[in-house]
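Trainee: I'd like to learn how to read a model like this one. Could you take me through it feature by feature?

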Protein chains: 2
Amino acid sequence: MDKLRGMGLKLTPQRIAIMQYLEGNTGHPAADDIYKALVQQYPTMSMATVYNTLEVLKNRGHLRELTVDPQKKRFDPNVQPHNHLICVACKKIVDVHSAIKVLFPPEEQGGFEIVGHHIEFYGRCASCKKN
Amino acid sequence: MDKLRGMGLKLTPQRIAIMQYLEGNTGHPAADDIYKALVQQYPTMSMATVYNTLEVLKNRGHLRELTVDPQKKRFDPNVQPHNHLICVACKKIVDVHSAIKVLFPPEEQGGFEIVGHHIEFYGRCASCKKN
DNA sequence: ATTAATGCAAACACTTTGCAATGGA
DNA sequence: TCCATTGCAAAGTGTTTGCATTAAT
């Protein structure tokens with residue numbers, strides 16, 4: 001929670017609320033999810049502040065921007081390398097905690113110097129399988 | 001090129017041009033890349049027609065919509081399962097042709113029935129490494 | 001006191017839609 | 001002829017920006 005302290009950053013009530021909302025949140029919220037969740041309690045909350053804070057957190061490495069949703073950016077407070085399961089029916093995005101081995105022969109890497117990777121698994125979640 | 005024939009679909013000059021532009025294109029163009037490339041030769045080409053045609057091709061399984069770019073949708077005429085290398089410097093997206101083994105223990109799959117996956121490799125391409 | 005952050009409104013970028021006109025089949 | 005498609009313009013959705021005000025340090 002004191003991730004924002006230091007370097008001239010100010011700890012405003014809005015930022016604290018956004019950080020608390022994100023802390024441990026595994027729902028991969030978009031900016032407007034955050035706004036809607038907090039505007040009741042903080043009536044002056046604005047989208048500009050949400051985006052501003054997300055940008056700050058992202059730049060400081062406390063937040064990862066996901067590109068899994070074609071409609072909008074989603075944010076993941078878990079910055080440890082991990083992968084995602086995406087339900088093709090209900091669009092739910094679930095973290096994959098297990099470390100998955102990826103065997104990618106270096107001679108196939110097209111001259112790239114690879115620094116990381118991200119796997120999207122597509123499927124049907126347990127509750128969508130039942131319907 | 002006669003992928004569109006049948007089922008009441010009409011083969012208009014605009015659609016033919018878009019399909020020809022996409023055929024074998026490995027640059028993962030966005031809608032406006034396609035529009036800009038074709039509007040010179042087809043002055044009446046419109047974004048609506050580009051989006052319309054992309055939608056038709058996507059629904060018929062001749063095109064894949066990529067979610068790798070946070071700014072806009074990109075399209076890939078290669079619908080065979082494959083992965084992508086993304087240069088973190090120049091944002092270039094390159095196909096990975098080799099089949100990559102992914103070891104994902106079923107007991108870790110959170111009850112999902114997995115139907116496919118897509119890997120984004122992040123790195124620096126050969127020419128960006130040199131700068 | 002200083003200066004970063006807020007939040008409104010406006011601008012922006014990308015995508016979708018309504019609908020009259022067009023033109024393949 | 002018939003009806004899918006075109007293409008303009010307008011609207012919709014998500015994101016960013018300008019700037020005067022506010023408030024954390």
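Mentor: Let's start with the classes we'll use for surface residues: Ala, Val, Leu, Ile, Met, Phe, Trp, Tyr, Cys and Pro count as nonpolar, Asp, Glu, Lys and Arg as charged, and the others, Gly among them, as polar. Keep in mind that this is a predicted model.

Trainee: Okay, so how does the surface near DNA strand D divide into nonpolar, polar and charged residues?

Mentor: You get 7 nonpolar, 8 polar and 5 charged residues there. Of those 20 residues around DNA strand D, the ones that come nearest are A:Y51, A:K73, B:T12, B:R15 and B:T44.

Trainee: And which part of the strand faces the protein, sugar and phosphate or bases?

Mentor: Count the strand's atoms within 4 Å of the protein: 79% belong to sugar or phosphate, and the rest to bases. Then go down to single polar contacts. On the phosphate side, the side chain of A:Y51 has an N or O atom 2.3 Å from a phosphate oxygen of DNA strand D. The side chain of B:N52 also places an N or O atom 2.9 Å from a phosphate oxygen of the strand. For a base, look at A:K10, where a polar side-chain atom lies 3.3 Å from a base nitrogen.

Trainee: Which elements give two or more residues to that surface?

Mentor: They are α3 (47-59) of chain A, plus α1 (13-22) and α3 (47-59) of chain B. The most comes from α3(B), with 3 residues.

Trainee: Let's move to the backbone. What should I look for in phi?

Mentor: The general idea is that most residues other than glycine have a negative phi. Now check A:H28: its phi is positive, near 55 degrees. A:H28 sits in the loop between α1 (13-22) and α2 (31-39) of chain A, and at 0% relative accessibility it counts as buried. In chain B, B:H28 has a positive phi near 50 degrees and lies in the loop between α1 and α2 (31-39). B:H28 counts as buried too, because its relative accessibility is 0%.

Trainee: What follows α1(A), and what is its phi?

Mentor: That's A:G24, with a positive phi near 75 degrees.

Trainee: How do I read which way a helix faces?

Mentor: An α-helix has 3.6 residues a turn, so residues three or four places apart point the same way. With that in mind, look at α1(A): its buried residues are A:R15, A:A17, A:I18, A:M19 and A:L22. The cover over these buried residues includes α2 and α3 of chain A.

Trainee: How are chains A and B related?

Mentor: Superpose them and read the operation. Chain A goes onto chain B by a rotation of 180 degrees, with 0.0 Å of shift along the axis and an RMSD of 0.0 Å. The two copies are thus related as by a two-fold rotation axis. Now the interface: 100% of chain A's interface residues are also interface residues in chain B, so the copies meet through the same surface.

Trainee: Last topic: how many disulfides are there over all chains?

Mentor: A search of the whole structure finds 0. The test is two cysteine sulfur atoms within 2.5 Å. The sulfur of B:C87 has its closest cysteine sulfur in B:C90, at 3.7 Å, which is too far for a bond. B:C125 is in no disulfide either, with the nearest cysteine sulfur, in B:C128, 3.7 Å away.

Trainee: Are B:C87 and B:C125 buried or exposed?

Mentor: B:C87 is buried, with a relative accessible area of 0%, and B:C125 is buried at 1%.

Definitions and conventions:
Residues are numbered from 1 along each chain as its sequence is written. Chains are lettered from A and ligands numbered from 1 in the order in which they are written. This is a predicted model: local features need pLDDT of at least 70, side-chain atom pairs count only at pLDDT 80 or more; totals for chains, interfaces and linings use all residues. Side-chain values use heavy atoms; hydrogens and water are left out. A residue is near a molecule or strand if one of its heavy atoms lies within 4 Å of it. A polar contact is a pair of N or O atoms within 3.5 Å; within protein, one must be able to donate a hydrogen and the other to accept it, and residues adjacent in sequence count only if both atoms are side-chain atoms. Helices (H or I, at least four residues) and strands (E, at least two) are DSSP runs, numbered from the N terminus. Buried means under 20% relative accessible area, exposed over 50%, partly exposed in between (1.4 Å probe, protein chains only). Contact means heavy atoms within 4.5 Å. Copies are superposed by least squares on the C-alpha atoms of residues with pLDDT of at least 70 in both.
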